[in-house]
Amino acid sequence: MMKSLKKLFTARTPAELPMPAEVAVGALLVEAALVDGVYVNIESDMIAEILLESFEFDAARADAVLAEAETLAEEAVGSHQFTRHAKKLALTNRIKVVEAIYRVILSDGERSDVEEAYVRHVAGLLHVDDVSRAQARQRAGARISSGA
């Protein structure tokens with residue numbers, strides 16, 4: 001009973017409310033860009049590109065989702081708020097999310113241990129195994145290197 005009352009009177013942040021999987025994925029990508037403390041245009045451009053490709057959005061829809069994702073990521077207290085929505089995707093798509101996270105963190109040309117820790121954490125929450133995560137990192141690295 002107390003749990004029900006507490007839940008009733010506890011304010012929920014926008015990140016805790018239901019959201020479409022594509023918004024949750026966008027927020028995870030923004031968090032990946034923010035985790036090193038620097039959010040640069042190349043990272044936001046990469047996120048927009050990923051949203052365009054992955055969800056077949058037009059530019060206006062990708063920009064709207066990116067703006068919403070940026071707001072949610074700034075308000076969030078943890079990745080779990082977003083991974084619980086992204087976990088609804090098929091495993092192949094969750095692996096693509098991990099690859100997209102690598103594309104974002106590699107896009108600025110800087111690698112850090114905190115970024116690698118973030119992607120390992122999110123991959124675990126998405127139930128993506130280490131082998132699939134490593135393969136996703138290799139694909140993302142090859143794609144960044146080739147400029148594709």
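## A nonpolar patch on the surface

Val38, Val40 and Ile42 together make a nonpolar surface patch of about 210 Å². To count towards a patch, a residue needs over 30% relative accessible area and no salt bridge, with like charges joined within 9 Å and nonpolar side chains (Val, Leu, Ile, Met, Phe, Trp, Tyr) within 5 Å. A salt bridge here is a side-chain nitrogen of Lys or Arg within 4 Å of a carboxyl oxygen of Asp or Glu. The areas come from the Shrake-Rupley method with a 1.4 Å probe, and for residues only the protein chains shown count as cover.

Ile42 sits in helix H3. Its relative accessibility is 44%, so Ile42 counts as partly exposed. That label covers the range between buried (under 20% relative accessible area) and exposed (over 50%), using a 1.4 Å probe and protein chains only.

A word on the model: it is predicted, so local features need pLDDT of at least 70 and side-chain atom pairs count only at pLDDT 80 or more, while totals for chains, interfaces and linings use all residues. Residues are numbered from 1 along each chain as its sequence is written, and side-chain values use heavy atoms, with hydrogens and water left out.

## The overall fold

The protein chain has eight helices and zero strands, which reads along the sequence as α-α-α-α-α-α-α-α. Both kinds of element are DSSP runs numbered from the N terminus: helices are H or I with at least four residues, strands are E with at least two.

Of the 148 residues in the protein chain, 42% are buried. The accessible surface of the chain comes to about 8100 Å², and 56% of that belongs to carbon and sulfur atoms. Take the contacts (heavy atoms within 4.5 Å) between residues at least 6 apart in sequence: 77% of them join residues at least 24 apart.

## The nonpolar core

In soluble globular proteins, nonpolar side chains tend to be buried together. A nonpolar core is a set of buried Ala, Val, Leu, Ile, Met, Phe, Trp, Tyr and Cys residues joined through side-chain atoms within 4.5 Å. The largest one in this model has 44 residues, and Leu29, Ile47, Phe82, Val98, Ile101 and Val104 touch the most other members. Helices H2 (21-34), H3 (41-55), H4 (59-75), H5 (80-86), H6, H7 (113-125) and H8 (130-146) each supply at least two residues of this core. H2 gives the most, with ten residues.

Val98 makes a good place to look around: leaving out residues up to four places away in sequence, Val98 touches Val119, Ala123, Leu126, Val128, Arg133 and Ala136. Over in helix H2 is Val30, which is buried, with a relative accessible area of 1%. With the same sequence neighbours left out, Val30 touches Tyr39, Ile47, Leu66, Ala69, Glu70 and Ala73. The C-alpha atoms of Val30 and Ala67 are separated by 9.8 Å, though the two are 37 residues apart along the chain.

## A buried arginine in H6

Arg103 lies in helix H6, which runs over residues 91-107. Its relative accessibility is just 3%, so Arg103 counts as buried. The Arg103 side chain makes a polar contact with the side chain of Glu53 at 3.1 Å. (A polar contact is a pair of N or O atoms within 3.5 Å; within protein, one must be able to donate a hydrogen and the other to accept it, and residues adjacent in sequence count only if both atoms are side-chain atoms.) Besides Glu53, the contacts of Arg103 beyond four places in sequence include Met46, Glu49, Ile50, Ala140, Arg143 and Ile144.

## Salt bridges around Arg133

Side chains of opposite charge can pair when their charged atoms come close. The structure holds nine salt bridges. In one of them, Arg133 meets Glu116 at 3.2 Å, N to O. This pair links distant parts of the chain, with Arg133 in helix H8 and Glu116 in helix H7, 17 residues apart. Arg133 counts as buried at 9% relative accessibility, and Glu116 is buried too, at 11%.

Glu116 also meets Arg111 in a salt bridge (3.4 Å, N to O), and Arg111 is exposed at 59% relative accessibility. Arg133, for its part, has a salt bridge with Asp130 (3.5 Å, N to O). Arg133 and Asp130 are separated by about one helical turn because they are three residues apart in helix H8. Asp130 is exposed, with a relative accessible area of 55%. Salt bridges that share partners join Arg111, Glu116, Asp130, Arg133 and Arg137 into one network.
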